[in-house]
Amino acid sequence: MTVEFHCQDVGVACKKVTRADTAEELVEAVAAHARRKHGVELNPTLVDYAITKVRSSGE
Ligand SMILES: [Zn+2]
């Protein structure tokens, strides 16, 4: 299964779609992207919020 996260789903003007095989890997990849591209450090609250926006690929 592949999961994906769209920056746009959390209201960020960014077309990035991050994909990974597991939710854990996805959160790490999204955190790295957020830090590099958005200058945002994901705290636990933001991680919980981001997880609610994770989609299964193909939906
Ligand atoms: Zn982004």
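User: Which residue is the bridge partner of Val-3 in E2?

Analyst: In E2, Val-3 has Ala-20 as its bridge partner. Helices (H or I, at least four residues) and strands (E, at least two) are DSSP runs, numbered from the N terminus. This is a predicted model, in which local features need pLDDT of at least 70 and side-chain atom pairs count only at pLDDT 80 or more, while totals for chains, interfaces and linings use all residues. Residues are numbered from 1 along each chain as its sequence is written.

User: How many bridges join E1 to E2, and in which sense do the two strands run?

Analyst: Two strands pair if DSSP finds at least two bridges between them. Here E1 and E2 run antiparallel and are joined by four bridges. His-6 stands opposite Val-17 in E2.

User: What is the order of the strands in the open sheet?

Analyst: The order is E2-E1-E3, an open sheet of three strands with antiparallel pairing. E2 and E3 are the edge strands, each pairing on one side only. Two bridges connect E1 with strand E3 (residues 55-56), and Glu-4 stands opposite Arg-55 in E3.

User: Which residues make up the largest nonpolar core?

Analyst: A residue is buried if 20 or more other C-beta atoms lie within 10 Å of its own, exposed if 12 or fewer, and partly exposed in between, with C-beta atoms placed from the backbone. A nonpolar core is a set of buried Ala, Val, Leu, Ile, Met, Phe, Trp, Tyr and Cys residues joined through C-beta atoms within 7 Å. In this model the largest such core has six residues: Phe-5, Leu-26, Val-27, Val-30, Ala-34 and Ala-50. Helix H1 (residues 23-38) gives the most to this core, four residues.

User: Why are the buried residues of H1 on the same side?

Analyst: The arc is that of the directions from the helix axis to the C-beta atoms. The buried residues of H1 are Leu-26, Val-27, Val-30 and Ala-34. They lie on the same side of H1 because they cover an arc of only 100° around the axis. The face turned away from that buried side carries the exposed residues Glu-24, Ala-32, Arg-35 and Arg-36.

User: What covers the buried residues of H1?

Analyst: Two residues are in contact if their C-beta atoms, placed from the backbone, lie within 7 Å. The cover includes strand E1 (3-6), strand E2 (17-20) and helix H2 (44-52). Leaving aside neighbours within four places in sequence, Val-30 is in contact with Phe-5, Thr-18 and Ala-50.
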